Amino acid sequence: MTRRLDLPDGAEARDGLLHAPSAERNAEPILAVLDPRLPTAGRVLELASGTGQHVATLAARHPGLTFEPTEPDPLRRMTIDRRCAALPNVAAARDLDVSVAGWGARGPWDAVVVVNLLHLISDAEMAVLLDEAARGLARGGLFAVYGPFRRADAPMTEGDAAFDASLRSQDPAIGYKEAEVVESVLAALGLRPERVEMPANNLMVLARR
Ligand SMILES: C[S@@+](CC[C@H](N)C(=O)[O-])C[C@H]1O[C@@H](n2cnc3c(N)ncnc32)[C@H](O)[C@@H]1O
């Protein structure tokens, strides 16, 4: 399901396009991790593409890959299409709710990327997301999930705890996921997880099929 959430740092209109300040901030660190790990050719699915800032940057840097942005919000899909209009290797943004099982059958993808979504969905919805991503990955394909996480062995920072509490006050089913849980689900699905520490206490969890 999709929710209307009150989030800090939300997308704003700029030059006729929606623009997310967070995507501008985290683009370079995310690309620094993904650039060397992506193949030179193949299909990349992006879940919850939002304003399309990440897919546009990735597509410009990886012309041999075909990118498939997805996003349930129609206004954001329009922004993604406009932002990527000059990029021949980006497909039209498709309506996809990660929690509705079945989308993995449209693979195989050489990479599946999702940025800043897991904390906005429930555990059950995340289980569907991870399962479908694992189903949809090609052999050797890369799953990459970026965002804020809880760690089993460390307390949350004050800022993370406040954001997590604000999410849970809007819907008790959502909030930060524990990195170790995500990694163990991925391992149980037959993927090999790897964790990369990112700026602002975020994580990138990568997993290969
Ligand atoms: C915080 S934004 C992140 C957008 C983008 N990935 C980025 O990093 O800029 C979260 C996005 O997830 C989308 N979303 C929320 N629930 C979803 C769901 N169940 N399935 C797919 N996307 C969802 C929202 O519409 C929104 O665009």
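A crossing of two helices is called left-handed if the near helix is turned anticlockwise from the far one by less than a right angle, and right-handed if clockwise. The model described here is predicted, so local features need pLDDT of at least 70 and side-chain atom pairs count only at pLDDT 80 or more, while totals for chains, interfaces and linings use all residues. Residues are numbered from 1 along each chain as its sequence is written, and side-chain values use heavy atoms, with hydrogens and water left out.

Helix α1 (residues 21–34) and helix α2 (residues 53–61) cross at roughly 40 degrees, their axes coming within 10 Å. Because angles under 35 degrees count as roughly parallel, over 145 as roughly antiparallel and 65 to 115 as roughly perpendicular, with the rest oblique, α1 is oblique to α2. The crossing is right-handed. On the α1 side, the contact (heavy atoms within 4.5 Å) involves A23, E24, N26, A27, E28, I30, L31 and L34; α2 contributes Q53, H54, T57, L58 and R61.

The largest nonpolar core, a set of buried Ala, Val, Leu, Ile, Met, Phe, Trp, Tyr and Cys residues joined through side-chain atoms within 4.5 Å, has 32 residues. Buried means under 20% relative accessible area, with a 1.4 Å probe and protein chains only. Within this core, L47, W103, L129 and F143 touch the most other members. Elements giving two or more residues include β3 (42–47), β5 (109–115) and α4 (123–136); the largest share, 5 residues, comes from α4. Residues up to four places away in sequence aside, L47 touches T70, L96, V98, W103, V112, V113, V114 and L129. A second, separate core has 27 residues, among them V33, V44, V90 and A144.

Key: Axes are lines fitted to C-alpha atoms, for helices over the stretch in contact, and angles run from 0 to 180 degrees between N-to-C directions. Helices (H or I, at least four residues) and strands (E, at least two) are DSSP runs, numbered from the N terminus. Buried means under 20% relative accessible area, exposed over 50%, partly exposed in between (1.4 Å probe, protein chains only).
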